[in-house]
Amino acid sequence: MTTVSPTPETTPLTSPVTTPTAPPAAAQAPPPAMRLRELAFGAACAAAVRAAARLGVADALGEAPASAEDLARSVNTEPVPLQRLLRALCCYGIFSETEDGTFAHTEMSRLLREDDPNSLRYISLWCTEPWTWEVWPRLDDAVRSGSSVFPEAFGKGFFDYLHQDAGESAQVFNRAMTTSSVQSARDVAELLDLTGVSSVADIGGGQGHVLASLLEKHPSVRGTLLDLPGVVARADERLREGGALADRVRIVPGDCREGIPFEVDLYIIKNILEWDDESTRRTLANVVAAARPGARVVVIENLVDDTPSMRFTTAMDLLLLLNVGGAKHTRESLVTRIGDAGLEIGEVRPVNAYLHAFECVVPD
């Protein structure tokens, strides 16, 4: 996407103040009645984020503020509706409007750029895919039944629908999950101390981004990636034959709910204990059965009772209920399930703003 900066025709040589201004509402919190109205219109904010991501507005905006007219030419829209979209987003700190009526980046708007190392563009698209607008209005039904509404809404399960009927959404899903995994993998690699560890396994580890990050940081460690055959077939290229880390990696196709056929010093279980209690029980039991006494097990999950990220994690929790009938954990519920599996729980540490790591050990 072409980056747009103001042209001489749109920006006077003696331009007035171009410092981004905060939205007026930021000065004080709105009264409860107005706040509830804003929340009830929350779909408008989500739709605006999606529109900006699909149009590539953040990619088109350069380092200098630009007018809606300039941006509209770059992203092929009408200038007045684009200005209205940008002003709506400015209310939430996504872009800012300067005193001369141009628009500038904020920390949040930069995250919608595809080239940003911490980009949330595809995650923003994933959370607002067309099917989401079909299932959110059925949340009351899901709360009544305690189960997914997806089969009733679409005639089949979530993943069957995604891969059979929604190819574009499936691609967005894959890119969003890859983006999220790559970003959190860096955080996990920074957090974990691998002193004394010579072998590590990523259980249900997807394409192996966490494993690859750990092996890059610790050249003497060997790794194993376990996930379903179709998943590990698309493993990180660093782990596949010919990749930079391939000589230190085993890629094992399998289902962690059915068994874990290897022994290592450290098992990592990240974001896979959220589908249902039986899957969680079987996965943890299989790790304990495979591991030798004293082996480390690190469970990494989102928590719905972690105050700094609760708006995000509780939203994910509700969407998980709608899609597959799953649930995110509270700290207590995860501790209970880990303890029931026979693991000894040690320190619990934040990985980043929305993930926690539970350090565990297989007892002697």
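**Exercise 1. What covers the buried residues of α16?**

Start by finding the helix in this predicted model.

- Step 1: Look for α16 at residues 310-324, a run of 15 residues. From first C-alpha to last, α16 reaches 21 Å, close to the 21 Å expected at 1.5 Å a residue.
- Step 2: Pick out the buried residues of α16, which are T313, D317, L319, L320, L321, L322 and N323.
- Step 3: Now check what lies over them. The cover includes α8 (130-135), α9 (139-145), α10 (150-154) and α11 (158-165).
- Step 4: Step just past the end of α16, and you meet G325, with a positive phi of about 80°.

**Exercise 2. Work out where the buried residues of α17 sit around the helix axis.**

- Step 1: Go to residues 331-340 and list the buried ones: S333, L334 and I338.
- Step 2: Look down the axis of α17. The buried residues fall within an arc of 130°, so they line one face of the helix.
- Step 3: Here's a handy rule to keep in mind: an α-helix has 3.6 residues a turn, so residues three or four places apart point the same way.
- Step 4: Turn to the face pointing away from the buried side, and you'll find the exposed residues E332 and D340.
- Step 5: Ask what the buried side packs against. For α17 the partners are α15 (277-290), β8 (296-301), β9 (344-350) and β10 (356-361).
- Step 6: Finish with G342, which follows α17 and has a positive phi near 95°.

**Exercise 3. Find the largest nonpolar core and say which residues have the most contacts inside it.**

- Step 1: The largest core has 43 residues, and L82, L89, F95, W126 and W131 have the most contacts inside it.
- Step 2: Helix α5 (residues 79-90) gives this core its largest share, 5 residues.
- Step 3: Zoom in on W126. Skipping neighbours within four places in sequence, W126 touches W131, T132, F158, L162, S169, V172, F173, A176 and M177.
- Step 4: Don't stop there, as a second, separate core has 27 residues, including L211, L214, L245 and L266.

**Exercise 4. Look at N76 and N271, and describe phi and location for each.**

- Step 1: N76 isn't a glycine, yet its phi is positive, about 60°.
- Step 2: N76 belongs to the loop between α4 (68-75) and α5. With a relative accessible area of 71%, N76 is exposed.
- Step 3: N271 isn't a glycine either, and its phi is positive too, near 55°. Its place is the loop between β7 (266-270) and α15.

**Exercise 5. How many disulfides does a search of the whole structure find?**

- Step 1: The search finds 0.
- Step 2: Try C91. The nearest cysteine sulfur, from C90, is 7.2 Å away, while a disulfide needs the two sulfurs within 2.5 Å, so C91 is in none.
- Step 3: Do likewise for C127: the nearest cysteine sulfur is that of C45, at 12 Å, and C127 is in no disulfide.
- Step 4: Add the surroundings. C91 counts as exposed, at 54% relative accessibility, and C127 as partly exposed, at 36%.

**Exercise 6. Decide which stretch of the chain has pLDDT below 50.**

- Step 1: Begin with the whole chain: mean pLDDT is 90, and 93% of the residues reach 70 or more.
- Step 2: Residues 1-22 are the stretch you're after, with pLDDT below 50. In the model this stretch has 48 contacts beyond near neighbours in sequence.
- Step 3: Handle that with care: where pLDDT is low, the predicted coordinates should not be read in detail.

Conventions:
Residues numbered from 1 in each chain as written. Predicted model: local features only at pLDDT ≥ 70, side-chain atom pairs only at ≥ 80, totals over all residues. Heavy atoms only, no water. Helix = DSSP H or I, 4+ residues; strand = E, 2+ residues; numbered from the N terminus. Expected span 1.5 Å × (residues − 1). Buried < 20%, exposed > 50% of the residue type's maximum accessible area, 1.4 Å probe, protein only. Contact = heavy atoms within 4.5 Å. pLDDT = per-residue confidence, 0-100. Core = buried A, V, L, I, M, F, W, Y, C linked by side-chain atoms within 4.5 Å. Arc of directions from axis to C-beta.
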